[in-house]
Amino acid sequence: MAVSIPYNGEVKDSEAVQVFLLKDNGIVENMGGKYDKNTNMVTFTTPHFGKYFAKKVDKDEIKITFKDLSGYEWAKKAIEFMASKEIIR
């Protein structure tokens, strides 16, 4: 399901706004997301409800991992790089 949450802070060109899931065990997981500066909303896809928050991050620090890359180690770095630049999701 697609969900949108607000983010009202200032965002520079070198920054992105990502959505994070706060799990019950305290672990924080980056869910990604696409920030729309016109609406100040971050839209992301999730299979379940939970505790989510939007946070500004430096685009160079974005690390998006994919659960279905097992066995494709040769492609993992390139795929994660393209995801961090919002070329793919």
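What pattern does the protein follow, read along the sequence? The order is β-β-β-β-β-β-α. That makes six strands and one helix. The model is a predicted one.

Start with the overall packing. The protein has 89 residues, and 27% of them count as buried. Its exposed surface comes to about 6500 Å². Carbon and sulfur atoms supply 53% of that area. Now take the contacts between residues at least 6 apart in sequence: 61% of these join residues at least 24 apart.

Next, the interior. In soluble globular proteins, nonpolar side chains tend to be buried together. Here the largest nonpolar core has 10 residues. Its members are Ile5, Tyr7, Val17, Val19, Leu21, Met31, Tyr35, Val42, Phe44 and Ala54. Two elements each give two or more residues to this core: strand E2 (15-22) and strand E5 (41-45). E2 provides the largest share, three residues.

Tyr35 is a useful core member to follow. Leaving aside residues up to four places away in sequence, Tyr35 touches Tyr7, Gly9, Val11, Val17, Asn40, Met41 and Val42. Among these partners, Tyr7, Val17 and Val42 also belong to the core.

Another partner of Tyr35 is Asn40. Asn40 sits in the loop between strand E4 (34-36) and E5. Is Asn40 buried, partly exposed or exposed? Its relative accessible area is 28%, so Asn40 is partly exposed: buried would require under 20%, and exposed over 50%. The backbone deserves a look too. Most residues other than glycine have a negative phi. Asn40, however, has a positive phi, near 60°.

Terms used:
Residues are numbered from 1 along each chain as its sequence is written. This is a predicted model: local features need pLDDT of at least 70, side-chain atom pairs count only at pLDDT 80 or more; totals for chains, interfaces and linings use all residues. Side-chain values use heavy atoms; hydrogens and water are left out. Helices (H or I, at least four residues) and strands (E, at least two) are DSSP runs, numbered from the N terminus. Buried means under 20% relative accessible area, exposed over 50%, partly exposed in between (1.4 Å probe, protein chains only). Contact means heavy atoms within 4.5 Å. Accessible areas come from the Shrake-Rupley method with a 1.4 Å probe; for residues, only the protein chains shown count as cover. A nonpolar core is a set of buried Ala, Val, Leu, Ile, Met, Phe, Trp, Tyr and Cys residues joined through side-chain atoms within 4.5 Å.
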